[in-house]
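This report concerns the structure displayed below. Please keep the sequence and the model in view while reading.

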Amino acid sequence: MVSRRNFIGRASAVTATVSAAAVSKVAMAALPEPVIQTRPDTMPPLPPDSGRPYNPVVTLNGWTCPWRMNNGVKEFHLVAEPVVREMTPGFKAHLWGYNGQSPGPTIEVVEGDRVRLFVTNKLPEVHSVHWHGQRLPNGMDGVTGLTQPAIPPGKTFVYEFALKNSGTFMYHPHADEMVQMAMGMMGSFIVHPRDPQLHRVDRDFVFLLNAFDIRPGGYVPQVNTMLDFNLWAWNSRVFPGIDPLVVRKGDRVRVRVGNLTMTNHPIHMHGADFAVSCTDGGWVPESARWPEVSIDIPVGAMRAFEFVAGEPGDWAIHCHKSHHTMNAMGHEVKTFIGVDKKDVAKTIRKLVPDYMPMGSAGMADMGSMEMPMPDNTLPMMTGFGQFGPIEMGGMFTLMKVREGMAADDFNDPGPYKHPAGTVAYEFRGATDDPPRRFDNSSTGGSR
Ligand SMILES: [Cu+2]
């Protein structure tokens, strides 16, 4: 909470400085002071302090970029630079991002606004920013070599355009794209409707799906990896580092998700059904929406879905590809389910006294196991709930629905208190068989 207050304090300090400087044309001709964020906390929504009113979004483990108003133009300053991102407590990655974090700050504006985006390149190589989904003059589209010269290291370029459509967008590099996105460069770009009552929701969340390949004990992503990433992240955070989506019972909620990985992600939410209301191409007419509980987010696309939070509880929300709800793992590990390794373990222990056979009955044990690992390495499955290990990692968090919260309260309410008699319980009558296993000794196979 201290950091949130610091952030708001800093944001208003920036605004105050800007207002004082507004009398000076020289000052206004200068670059706006970039606002830097050093923490991975989810910042509370940032209400606009100038321009048209709107209902701000919450960026999961992220923040919204303050602007300065210059003769009716909203001016933002993005600094492309190397950053250190805490992906979850105990694990830091050396990434590239904007203004101190990966992803960069969320840009929030209103349909019809004119924006001037200053981009300073503090990377060791050329850069440019593409404003994904925006209708803008061709020369503002940010494609290095095609629509503009590359931004050399140390230089600042200016992008200026009017926002033609409201909706859900993002920004990302279009220079050495594979490397710069593998290093974590991206951000969300929300354009609110001119009429704040249009598409109105009570809580509006946004995050981007990204993937990294960081070897155990390492800090820097392998940038040439094509498919075999080992860290599946939301806004460069992995479970248990991803904050919960905290909502009030009865709230109308929107979740906006963009995919900048190399594969699709079926995002599945427990506890409510929803409908896709917006893509990076625009709003979906109500007559064209249908109910879902999972929505596939294609590569290079955004989907926003909406629902009414009906049932209180701690509901899982995650990618339904089960490898994407794990942290760094060795994909070469053989499957040993049903194999009795007692004899082979005895033989191996003669050579390796600490050898521990694993996986004869599945891998759930790993969620609770304490094994020695290199520094700065995550367990494959981790996180604890009120009933034990959750055995998850990667693209997993919770939607926490509670009654009686304040409209502006986004704090984690802690574990859900289940009403008596509403939790699955152990059958205490007579049981006969031990757990069934494959019987490899008979020709009958499994039974
Ligand atoms: Cu996935």
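The following text describes a sheet, a nonpolar core and several backbone features of this predicted model.

**An open sheet of five strands**

Five strands form an open sheet with mixed pairing, in the order S13-S23-S20-S15-S18. Its edges are strand S13, residues 245-248, and strand S18, residues 294-297, each of which pairs on one side only. Direction ignored, neighbouring strands in this sheet are turned by 20 degrees against each other on average.

The edge strand S18 is paired with strand S15, residues 265-269, in the antiparallel sense, and four bridges connect the two. Within this pairing, Ile267 is placed opposite Ile295 of S18.

**The largest nonpolar core**

The largest nonpolar core comprises 83 residues. Leu78, Phe205, Leu231, Trp232 and Ala233 are the members with the most contacts inside this core. Strand S11, residues 203-212, supplies the largest share of the core, namely seven residues.

What does Ala233 touch, if residues up to four places away in sequence are not counted? The contacts of Ala233 are Met87, Asn210, Ala211, Phe212 and Val238.

**Backbone features in loops**

Most peptide bonds are trans, and most residues other than glycine have a negative phi. The table lists four places that depart from these habits in the model, each located in a loop.

| Feature | Residue(s) | Angle | Loop |
|---|---|---|---|
| cis peptide bond | Ser102 and Pro103 | omega about -5 degrees | Pro103: between strand S4 (91-98) and strand S5 (107-110) |
| cis peptide bond | Phe239 and Pro240 | omega about 10 degrees | Pro240: between strand S12 (231-234) and S13 |
| positive phi | Asn61 | phi about 50 degrees | between strand S1 (58-59) and strand S2 (68-70) |
| positive phi | His199 | phi about 55 degrees | between strand S10 (187-192) and S11 |

Pro240 lies in the loop that leads to S13, and S13 is an edge strand of the sheet described above. Likewise, the loop holding His199 lies between S10 and S11, and S11 is the strand with the largest share of the core.

Are the two residues with a positive phi, Asn61 and His199, buried or exposed? A residue is buried if 20 or more other C-beta atoms lie within 10 Å of its own. Asn61 counts as buried because it has 25 C-beta neighbours inside 10 Å. His199 has 18 other C-beta atoms within 10 Å and is therefore partly exposed.

Terms used. Residues numbered from 1 in each chain as written. Predicted model: local features only at pLDDT ≥ 70, side-chain atom pairs only at ≥ 80, totals over all residues. Pairing = 2+ DSSP bridges. Axes fitted to C-alpha atoms, helices over the stretch in contact; angles between N-to-C directions. Core = buried A, V, L, I, M, F, W, Y, C linked by C-beta atoms within 7 Å. Buried ≥ 20, exposed ≤ 12 C-beta atoms within 10 Å, placed from the backbone. Contact = placed C-beta atoms within 7 Å.
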